[in-house]
Amino acid sequence: MTQEARNNGTVLYVLGIDRGQVEESQKTLHLVPELTDILKSPVVSSKKKHVVIEKIFSKTGSPEKLIRFLQVMCAHGEISEIDEIYRAYYEKWDEARHIRRVCCTFAKEPDEQQLDRIREFLRKKYADSRFVFEIRIEPDILGGAVINLGHEEYDWSLEGRIRQLRRVLTER
């Protein structure tokens with residue numbers, strides 16, 4: 001993610017727009033890929049882009065601040081980074097609410113005991129946080145779990161343990 005996208009995501013957050021409204025605007029842009037193509041196009045004038053944004057997003061109930069923000073992103077040629085801008089906004093939103101997004105990858109559907117151990121580990125490490133979990137199933141990890149939390153990864157998978165053992169054995 002570029003620093004510019006982070007800065008614009010921060011601006012979007014500071015505007016005080018509700019996360020649900022931001023998510024809706026992102027869905028709108030993804031539902032009609034041609035819309036993003038038009039907004040990125042150097043052939044289409046800024047004035048026409050502003051009109052398109054106004055018409056579409058006012059019909060979806062987007063707040064005026066969000067509509068103006070999208071128009072400014074078009075005018076500055078930064079609409080091509082809009083997904084990164086949204087991601088930066090979501091990170092700011094979560095950070096302000098002490099929410100950490102956790103992706104847990106298992107070889108098969110986890111049982112409650114496995115999830116409880118992971119929750120307990122995370123509560124001890126990040127006492128001031130609330131967690132939102134995403135569960136993924138990837139049989140390739142063979143067993144155990146891989147926990148991704150922001151830029152941190154905890155590899156407790158069988159595949160990861162085998163990789164560690166190989167590394168130790170080949171370093172001799």
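This is a short exchange about how labels are assigned in a predicted model.

Trainee: What are the ground rules on numbering and confidence?
Mentor: Residues are numbered from 1 along each chain as its sequence is written, and side-chain values use heavy atoms, with hydrogens and water left out. The model is predicted, so local features need pLDDT of at least 70 and side-chain atom pairs count only at pLDDT 80 or more, while totals for chains, interfaces and linings use all residues.

Trainee: How do you know that the span of helix α5 agrees with what is expected?
Mentor: Helices are DSSP runs (H or I, at least four residues), and strands are too (E, at least two), numbered from the N terminus. The expected span is 1.5 Å times one less than the number of residues. Helix α5, residues 64-75, has 12 residues, so it should span 16 Å. Its end C-alpha atoms are 16 Å apart, which agrees.

Trainee: Why is Cys74 called buried?
Mentor: Buried means under 20% relative accessible area, exposed over 50%, partly exposed in between (1.4 Å probe, protein chains only). Cys74 is at 5%, so it counts as buried. It is one of the buried residues of α5, which also include Leu66 and Phe69.

Trainee: What covers the buried residues of α5?
Mentor: The cover includes α1, α2, α3, α4 and α6. What follows α5 is Gly77, with a positive phi near 70°.

Trainee: Why is Cys104 not bonded to Cys103?
Mentor: A disulfide is a pair of cysteine sulfur atoms within 2.5 Å. The closest cysteine sulfur to that of Cys104 is in Cys103, 6.8 Å away, so it is too far for a bond. By this rule the count of disulfides is zero. Cys104 is at 0% relative accessibility, so it counts as buried.

Trainee: What makes the phi of His98 worth a remark?
Mentor: Most residues other than glycine have a negative phi. His98 is not a glycine, yet its phi is positive, about 55°. His98 sits in the loop between α6 and β1. At 42% relative accessibility, it counts as partly exposed.

Trainee: Which loop holds Leu142, and is that residue buried or exposed?
Mentor: Leu142 is in the loop between β2 and β3. Its relative accessible area is 52%, so it is exposed. Leu142 also has a positive phi, about 75°, although it is not a glycine.

Trainee: Why is Ile38 called partly exposed?
Mentor: Ile38 is at 35% relative accessibility, so it counts as partly exposed. Ile38 lies in helix α3.

Notes: Contact means heavy atoms within 4.5 Å.
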